[in-house]
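Student: I am new to this structure. Please take one part, the strands and how they pair, and walk me through it closely.

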Amino acid sequence: ITGNLALTGNLTVDGNTTIGNVSGDTLTVNATSTFLNATTFGTTGDATTLSIFKTNVQVDGMLSVSGETSLSGTVTLGSTLRLADGTAAIPAYSFTLDTDTGIYRFAANTIGFSVNGVAELLLNATNLQPNANDGLALGVSGTAFSDVFLASGAVINFNAADITLTHSVGVLAFAGGIFRLNDNDLFTFGTSDDASMYYNTTQTPDSLFIGVSADSRALVIAEG
């Protein structure tokens, strides 16, 4: 058929169907359409447009789309949506106004999250991690997380075990370095500061105070 074809009623085609073979060909569908066999709209490299208005499109089998696809409105899938792997610069799942930010397949069994075309965060079966060492902050000043929940036996590891905090039942073990308080800051015991220890630089000579608040007794270790 050369030219326009207008049909009233149903059109049934048994077998493969090619619609449009010239760059710029357009197919417009205004009724419920069912494609049951291999259907090609346009040819490779052509700018062919398929427009569907106020209707349902049912595809039994695989729907393969090469190139960009624009959908407006609600899209409901009854099965699996499979996307190309994508890259950090062109993630498989991105946004119309931010095409270099989104989600993609970083490697086998690893999801990558990219921002501004750069891989920032990775998720695999065991880890949620930045893509680069010292690459991301967890929260920022003014918009902090409310709580952190860690399992029994959890380890907080600073700079590849330079210093660690390791949990076991009823114990938090500090290892690998120096635990330091600022001068004149209290290290207290008990819910009511029943005892305290601090390094006092406000009197001469500088002194280490170990005090028990209940009866105001204190052990003072002074320089010299």
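Tutor: Start with an open sheet of five strands, ordered β7-β8-β9-β10-β11. The pairing is antiparallel. The edges belong to β7 (93-95) and β11 (128-130). Each has a single partner strand, so one side of each has no neighbour in the sheet. From one strand to the next, the twist averages 20°. Bear in mind that the model is predicted.

Now look at the β7 edge. Its partner is β8, residues 98-107. Two bridges join these antiparallel strands. To find one contact, go to Tyr93: its bridge partner in β8 is Ile103.

Next comes another open sheet. This one has three strands in the order β12-β13-β14, again with antiparallel pairing. Here β12 (155-158) and β14 stand at the edges. Each pairs with a single strand, so one side of each is left without a neighbour in the sheet. Neighbouring strands are turned by 10° against each other on average, direction ignored.

Stay with β13 and β14. Strand β13 covers residues 163-168, and β14 covers residues 171-175. Five bridges join them, and they run antiparallel. Follow the pairing along β14. Phe174 stands opposite Leu165. Leu172 is the bridge partner of His167. Between the two strands of this hairpin lie two residues. In that hairpin, Gly170 takes a positive phi near 75°.

One general point helps when you view any sheet. In a regular strand, side chains alternate between the two faces of the sheet.

Key. Residues numbered from 1 in each chain as written. Predicted model: local features only at pLDDT ≥ 70, side-chain atom pairs only at ≥ 80, totals over all residues. Heavy atoms only, no water. Pairing = 2+ DSSP bridges. Helix = DSSP H or I, 4+ residues; strand = E, 2+ residues; numbered from the N terminus. Axes fitted to C-alpha atoms, helices over the stretch in contact; angles between N-to-C directions.
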